[in-house]
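This report covers strand pairing, salt bridges, and the pockets and cavities of one model. Keep the structure in view while reading.

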Amino acid sequence: MVSHSELRELVCSADAVCFDVDSTVIREEGIDELAKFCGVEAAVSEMTRRAMGGALPFKDALTERLALIQPSREQVQRLLAEHPPHLTPGIRELVSRLQERNVQVFLISGGFRSIVEHVAAKLNIPTTNVFANRLKFYFNGEYAGFDEMQPTAESGGKGKVIGFLKEKFHFKKIIMIGDGATDMEACPPADAFIGFGGNVIRQQVKNNAKWYITDFVELLGELEE
């Protein structure tokens with residue numbers, strides 16, 4: 001059972017909060033939505049499930065899924081125009097409240113920068129606070145792979161980003177919030193991890209996270225009291 005006094009102390013003392021994006025800040029898994037849009041949904045969803053459960057190294061899962069999807073630049077743009085991601089209830093208010101308290105908010109995602117920047121804009125999060133994978137395209141717009149040098153393309157990449165943020169900005173307390181195994185693994189170097197099950201419950205995370213919430217209102221409440 002979450003001790004609310006401890007959770008309140010934790011959230012109120014953070015100087016930076018990092019959110020995962022897919023199934024946390026937004027209701028969908030961006031790569032699954034892209035796969036659905038490109039007509040290869042079933043095969044890709046199964047790979048995502050295995051990757052999030054920790055059964056497949058992240059970069060391998062990403063490479064395999066993108067090889068199946070082969071998204072063009074135009075398809076990514078059309079996906080955002082026709083099926084924009086849906087924000088999880090309460091996230092807009094939570095981010096806004098954190099920003100009012102001068103807490104730095106970052107989005108750290110194993111998803112795609114083009115989609116994550118779209119989400120960041122809705123939440124008034126600057127693009128400099130976005131860490132995600134970059135899709136690469138040929139001049140004609142066809143899929144050309146992804147930038148494998150981004151830390152978020154690797155297993156353990158979210159932890160690397162948090163380590164970099166600590167080094168660069170000298171944050172005293174960083175909280176990571178997310179639904180998946182890759183989010184939980186980012187603590188340490190994150191000082192605390194809060195598991196989020198409001199869109200999908202991943203049993204491994206629910207069982208092992210010290211803090212676990214299913215509604216952002218729980219955190220908003222701690223900041224308002």
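Two strands pair if DSSP finds at least two bridges between them. Strands (E, at least two residues) and helices (H or I, at least four) are DSSP runs, numbered from the N terminus. The model is predicted, so local features need pLDDT of at least 70 and side-chain atom pairs count only at pLDDT 80 or more, while totals for chains, interfaces and linings use all residues. Residues are numbered from 1 along each chain as its sequence is written, and side-chain values use heavy atoms, with hydrogens and water left out.

## Strands

Start with β6. It runs parallel to β1, joined by four bridges. Val17 has Ile175 of β6 as its bridge partner. β6 also runs parallel to β7, again through four bridges. Here Met176 is partnered by Phe193 in β7.

How enclosed is β6 by the rest of the structure? Buried means under 20% relative accessible area, exposed over 50%, and partly exposed in between (1.4 Å probe, protein chains only). Five of the five residues of β6 are buried, so the strand is largely enclosed by the rest of the structure. In a regular strand the side chains alternate between the two faces of the sheet. Ile174, Met176 and Gly178 point one way from β6, Ile175 and Ile177 point the other way, and all are buried.

Strand β3 (residues 130-133) is also covered on both faces. Val130 and Ala132 are buried on one side, Phe131 and Asn133 on the other. β3 runs parallel to β2 (residues 104-112), with three bridges between them. Ile108 stands opposite Phe131 of β3.

## Salt bridges

A salt bridge is a side-chain nitrogen of Lys or Arg within 4 Å of a carboxyl oxygen of Asp or Glu. Side chains of opposite charge can pair when their charged atoms come close. The structure holds 11 salt bridges. Three of them are tabulated here.

| Pair | N to O distance | Separation in sequence |
|---|---|---|
| Lys158 and Asp20 | 3.0 Å | 138 residues |
| Arg202 and Glu29 | 3.2 Å | 173 residues |
| Arg202 and Asp179 | 2.6 Å | 23 residues |

What does the salt bridge between Lys158 and Asp20 tie together? Lys158 lies in helix α9 (residues 157-169) and Asp20 in the loop between β1 (16-19) and α2 (21-25), so the pair ties together parts that are 138 residues apart in sequence. Lys158 counts as buried at 7% relative accessibility. Asp20 is buried too, with a relative accessible area of 4%. A network of salt bridges links Asp20, Lys158 and Asp183.

Arg202 forms a salt bridge with Glu29 and another with Asp179. Arg202 sits in the loop between β7 (192-196) and α11 (203-208), whereas Glu29 sits in the loop between α2 and α3 (30-37). Asp179 is in the loop between β6 (174-178) and α10 (181-184). Arg202 and Glu29 are both buried. Asp179 is buried as well.

## Pockets and cavities

These come from a 1 Å grid over the protein atoms alone: a cavity is a set of points where a 1.4 Å probe fits but cannot get out, and a pocket is an open set with protein on both sides within 12 Å along at least five of seven lines. Lining residues have an atom within 4 Å of a point. Grid points are joined across faces, edges and corners, and a volume is the space filled by probe spheres set on the points.

The largest pocket has a volume of about 160 Å³. Its lining includes Arg73, Gln77, Phe112, Glu117 and Phe137. Elements giving two or more residues to this lining are α6 (73-82), α8 (113-122) and β4 (135-137). α6 gives the most, with four residues. Where does the largest pocket lie? Domain 1 (4-28 + 86-224) and domain 2 (33-83) both give residues to its lining, so the pocket lies between them. Those domain bounds come from an automatic or database domain assignment.

There are four cavities of 30 Å³ or more. The second largest cavity has a volume of about 70 Å³. Among the residues lining it are Ile26, Glu33, Leu79, His83 and Ile115. α3 and α6 each supply at least two residues of that lining. Domain 1 and domain 2 each contribute at least three.
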